[in-house]
Amino acid sequence: MTPAARLSAAIELIDTIDTQRVPAAKALKEWGTAHRYAGSGDRAAISGLIWDVLRRRASSAWLMDSETSRARVLGMLKLERGMNADAIAALCDGGRFAPEPLSDGERSALTSRSLDGAPPHIAGDYPEWLDPHLIEVFGDDRVAEATAMASRAPLDLRINTLKANREKMLPRLSHLGAQVTPWSPIGLRIELGADARNPGIHAEEDFIKGAIEVQDEGSQLAALLSAAKPGEQVIDLCAGAGGKTLALAAMMQGKGRLIATDSDKRQLAPIHERLSRAGIHNADVRTPKGDADPLADIHASADLVVIDAPCTGTGTWRRNPDAKWRMRPGALEVRLKDQAEVLDRAAALVKPGGRIAYITCSVLPPENGEQVRSFIGRHPEFSVVPPEQTASVLWDKAEDFAKAALQTPEGWLMTPRRTGTDGFFVSVLKRG
């Protein structure tokens, strides 16, 4: 497919996503099935266009002064891809499979309009109802923070220290352009271009053998900040597919007891194969059965309970820009209730002197600091471990991390703008 034909396909797909209200991933999959002639490079390029349009959905429409799918695609080419009106016009020449030529109004908008004067939620590309929450956490920096949250994310890998080390893996993955991560001592990063194909990590020998896992650097840091130690009893209460479970197991060096569970047994399904591949033998996966509590035998005995809490996912907008436009206020209320319930459940599992690591991939204060304060109000036997103490696990990076991340009385907030990671909040709570 020509670049112009790919652009036409993107306009068609954005129209489908808007009018039929289908998730972008589903629309892309169905389009690929219906257009078998499109090669992997074509599909990757079209996917890149779609995700970039969704990242700049509001600002591109503002720029073009139009809400149409075509307007959003054209506006994105200027705002995200940095193309000028002439370059865009060259793609829209009206030829076979190409978009229709630019109208006078479109060329004028691409030439003369900017985001100057746009409301913050437009310039930052986020739902307007979230503006008060972003003001609370970021203040006047909210547009810059949200713009970074709308940027394209790299592909981060975590070294499984049970099987390898970073010095060994870096040259082995040099063909993928891997570099060390800025903060995590066990991470590698692969930067991806706008039209980049998936590098196929799952087909790499080192992935198959369990030496590496795909995990955002922010998620790696969240696990590190929990300070799980060899010999401890650690419970991963919201284990899901096991990303942090694997990281915790490596930190424990295969020593101690690691229990992984989740309220949704479907989420747990992939964890068994992942644990086996990673060479982890001290993990006990407890899958819920009916109404029975899989942790009924544990009473105030855990050294550490890790809560990768169910949340709105606002911190992962870089990877799932479609989600932010489908998010509704009611979703926040549901998540706040879920978080309070899982925190209360964790409190009963922790022994005196033990701790809870509360983690969200959200930047919203109600899910983070406010949730922690409410928990301590219900459970005064717990107190926040001072964030500067938890950062000491980052060794020589601790001081720089403290300057980069946003420190609150309740914990650390990482953001794409500040730390180059997804948005993660981490609070460590100790039981007296």
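The paragraphs below walk through a predicted model, going from a helix at the start of the chain to its strands, its cysteines and a few single residues.

We begin with helix H1, which covers residues 3–20 and so has 18 residues. From its first C-alpha to its last it reaches 26 Å, close to the 26 Å expected at 1.5 Å a residue. Which residues of H1 are buried? They are Ala4, Ala5, Leu7, Ala9, Ala10, Ile11, Leu13, Ile14 and Ile17. In reading such a list it helps to recall that an α-helix has 3.6 residues a turn, so residues three or four places apart point the same way. The buried residues of H1 pack against four other helices, namely H2 (24–34), H3 (40–55), H5 (69–79) and H6 (85–91). Just after H1 comes Arg21, which takes a positive phi of about 55°.

Two other residues, both aspartates, invite a similar look at the backbone. Most residues other than glycine have a negative phi, and most peptide bonds are trans. Asp65, although it is not a glycine, has a positive phi of about 55°, and this residue is found in the loop between helix H4 (57–64) and H5. Asp125 is likewise not a glycine and has a positive phi of about 55°; its place is in the loop between helix H8 (120–123) and helix H9 (131–138). Is each of these residues buried or exposed? Asp65 has a relative accessibility of 61%, and because exposed means over 50%, Asp65 counts as exposed. Asp125, in contrast, has a relative accessible area of 1%, and because buried means under 20%, Asp125 is buried.

Further along the chain, 4 strands form an open sheet in the order E2-E3-E1-E4, and their pairing is antiparallel. Strand E2 (179–180) and strand E4 (212–214) stand at the edges, each with a single partner strand, so one side of each is left without a neighbour in the sheet. E2 is joined by 2 bridges to strand E3 (residues 187–190), and these two strands run antiparallel. Within this pair, Gln179 stands opposite Arg189 in E3. Helix H13 (residues 217–225) lies across strand E1 (155–159) and E3, and this helix runs at about 35° to E1.

Another group of strands pairs in the parallel sense, and strand E6 (residues 257–261) is a good place to enter it. In E6, 4 of the 5 residues are buried, so this strand is largely enclosed by the rest of the structure. Strand E5 (residues 233–236) pairs with E6 over 4 bridges in the parallel sense, and Ile235 stands opposite Ile259 in E6. How does the chain get from E5 to E6? The chain crosses through helix H14 (residues 243–251), and this β-α-β crossover is right-handed. E6 is also joined by 4 bridges to strand E7 (residues 283–286), which runs parallel to it, and in E7 the bridge partner of Ala260 is Val285.

Returning to E5, we can ask what lies on its two faces. In a regular strand the side chains alternate between the two faces of the sheet. Both faces of E5 are covered, since Gln233 and Ile235 on one side and Val234 and Asp236 on the other are all buried. E5 is joined by 3 bridges to strand E8 (residues 302–308), and the two run parallel. Val234 shows both pairings of E5, standing opposite Leu258 in E6 and opposite Leu304 in E8.

The cysteines can be considered next. A disulfide is a covalent bond between the sulfur atoms of two cysteines. With a cut-off of 2.5 Å between the sulfur atoms, the count comes to 0 disulfides. Cys311 is in no disulfide, and the nearest cysteine sulfur, that of Cys361, is 3.3 Å away. Cys311 is buried, with a relative accessible area of 12%, and Cys92, at 2% relative accessibility, also counts as buried.

Finally, Phe401 is found in helix H21 (residues 398–404) and is buried, with a relative accessible area of 0%. Which residues does Phe401 touch, if those up to four places away in sequence are not counted? They are Trp183, Leu221, Ala391, Leu394, Trp412, Met414 and Thr419. Phe401 and Leu157 are 244 residues apart in sequence, and 19 Å apart in space, C-alpha to C-alpha.

How values were computed:
Residues numbered from 1 in each chain as written. Predicted model: local features only at pLDDT ≥ 70, side-chain atom pairs only at ≥ 80, totals over all residues. Heavy atoms only, no water. Expected span 1.5 Å × (residues − 1). Buried < 20%, exposed > 50% of the residue type's maximum accessible area, 1.4 Å probe, protein only. Contact = heavy atoms within 4.5 Å. Pairing = 2+ DSSP bridges. Axes fitted to C-alpha atoms, helices over the stretch in contact; angles between N-to-C directions. Right-handed = clockwise from strand over helix to strand, strands pointing away.
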